[in-house]
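Below are my notes on this model, set out as numbered points. They begin with one residue and work outward from there.

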Amino acid sequence: MKGMKRKLLFVDGEAGALRELHDELAASSSTWELLYCKSGLVALNALQAQPCEAVVTELRLSDMSGEQLLEHVARAHPQTHRIVLADLGDVQALLHCVGNVNQFLILPCEVDRLQIVLERALTFQLWLPTTHVAEADYQRHVDDVRLFLQ
């Protein structure tokens with residue numbers, strides 16, 4: 001993915017706490033193509049139109065819970081990294097998200113910390129099998145079995 005900008009979707013909650021992080025990241029990095037949504041439904045539509053490498057969201061959205069958003073993203077876009085920013089007062093909500101989140105960060109979050117988490121997550125993503133790799137691996141095994149049986 002060298003030379004290409006990675007897409008990152010911010011889904012901001014009712015308090016608007018992610019807007020500042022979005023703006024700071026936009027000013028400090030040319031690595032990312034940043035998208036910004038103010039609701040879960042708009043974010044899901046944006047992901048359908050143009051998949052992203054990562055989604056950064058809050059738990060309290062205007063039209064659905066962060067948990068619901070993350071569940072939809074996990075099902076429809078399993079290779080998309082899902083990052084939640086929350087305050088420590090949201091422990092119960094955080095616990096409900098555990099299966100659909102790759103990374104939790106505590107608010108307030110500094111842009112440098114978010115950049116480190118994103119770089120690590122997407123470096124790790126290079127090692128995750130994709131559907132294409134899994135299909136190719138399966139086909140290789142099928143071919144090996146056919147050769148063995150001949």
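1. A43 is buried, with a relative accessible area of 0%. The model is a predicted one, and this value is computed from it. The cut-off for buried is under 20% relative accessible area, so A43 falls within that class. A43 belongs to helix 2. A contact distant in sequence can be noted here: A43 and L9 are separated by 34 residues along the chain, while their C-alpha atoms are 7.6 Å apart.

2. Which residues of helix 2 are buried? Besides A43, the buried residues of helix 2 (residues 40-49) are G40, L44, A46 and L47. Viewed down the helix axis, these buried residues fall within an arc of 160°, so they line one face of helix 2. Q48 and A49, on the other side of helix 2, are exposed.

3. Helix 1 (residues 18-28) can be described in the same terms. Its buried residues include L18, L21, H22 and L25. They fall within an arc of 100° when seen down the axis, and therefore line one face of helix 1. On the other side of helix 1, E20 and A27 are exposed.

4. As to the overall layout, the protein has 6 helices and 5 strands. Along the sequence they follow the pattern β-α-β-α-β-α-β-α-β-α-α. Of the 150 residues in the protein, 41% are buried.

5. Strand 4 deserves a separate point. Of the 6 residues of strand 4 (residues 81-86), 6 are buried, so the strand is largely enclosed by the rest of the structure. In a regular strand, side chains alternate between the two faces of the sheet. In strand 4, H81, I83 and L85 point one way, R82, V84 and A86 point the other way, and all are buried. The buried set thus includes the side chains of H81 and R82.

6. What does strand 4 pair with? Strand 3 (residues 54-57) runs parallel to strand 4 and is joined to it by 4 bridges, with V55 opposite R82. Strand 5 also pairs with strand 4 in the parallel sense, over 4 bridges, and here A86 stands opposite I106 of strand 5.

7. The connection from strand 3 to strand 4 involves helix 3 (residues 66-76). Together, strand 3, helix 3 and strand 4 make a β-α-β unit, and this unit is right-handed.

8. How is the peptide bond between L107 and P108 arranged, cis or trans? The bond is cis, with omega at about -5°. Most peptide bonds are trans. P108 is located in the loop between strand 5 and helix 5 (111-125).

9. On the surface, L95, V98 and F104 make a nonpolar patch of about 260 Å². V98 sits in the loop between helix 4 (91-97) and strand 5 (103-106). Its relative accessible area is 47%, so V98 is partly exposed. The cut-off for exposed is over 50%, and V98 therefore does not count as exposed at 47%.

Conventions:
Residues numbered from 1 in each chain as written. Predicted model: local features only at pLDDT ≥ 70, side-chain atom pairs only at ≥ 80, totals over all residues. Heavy atoms only, no water. Patch = residues over 30% accessible without salt bridge, like charges linked within 9 Å, V, L, I, M, F, W, Y side chains within 5 Å. Areas by Shrake-Rupley, 256 points an atom, 1.4 Å probe, with all protein chains shown as cover. Salt bridge = Lys/Arg side-chain N within 4 Å of Asp/Glu carboxyl O. Helix = DSSP H or I, 4+ residues; strand = E, 2+ residues; numbered from the N terminus. Buried < 20%, exposed > 50% of the residue type's maximum accessible area, 1.4 Å probe, protein only. Pairing = 2+ DSSP bridges. Right-handed = clockwise from strand over helix to strand, strands pointing away. Arc of directions from axis to C-beta.
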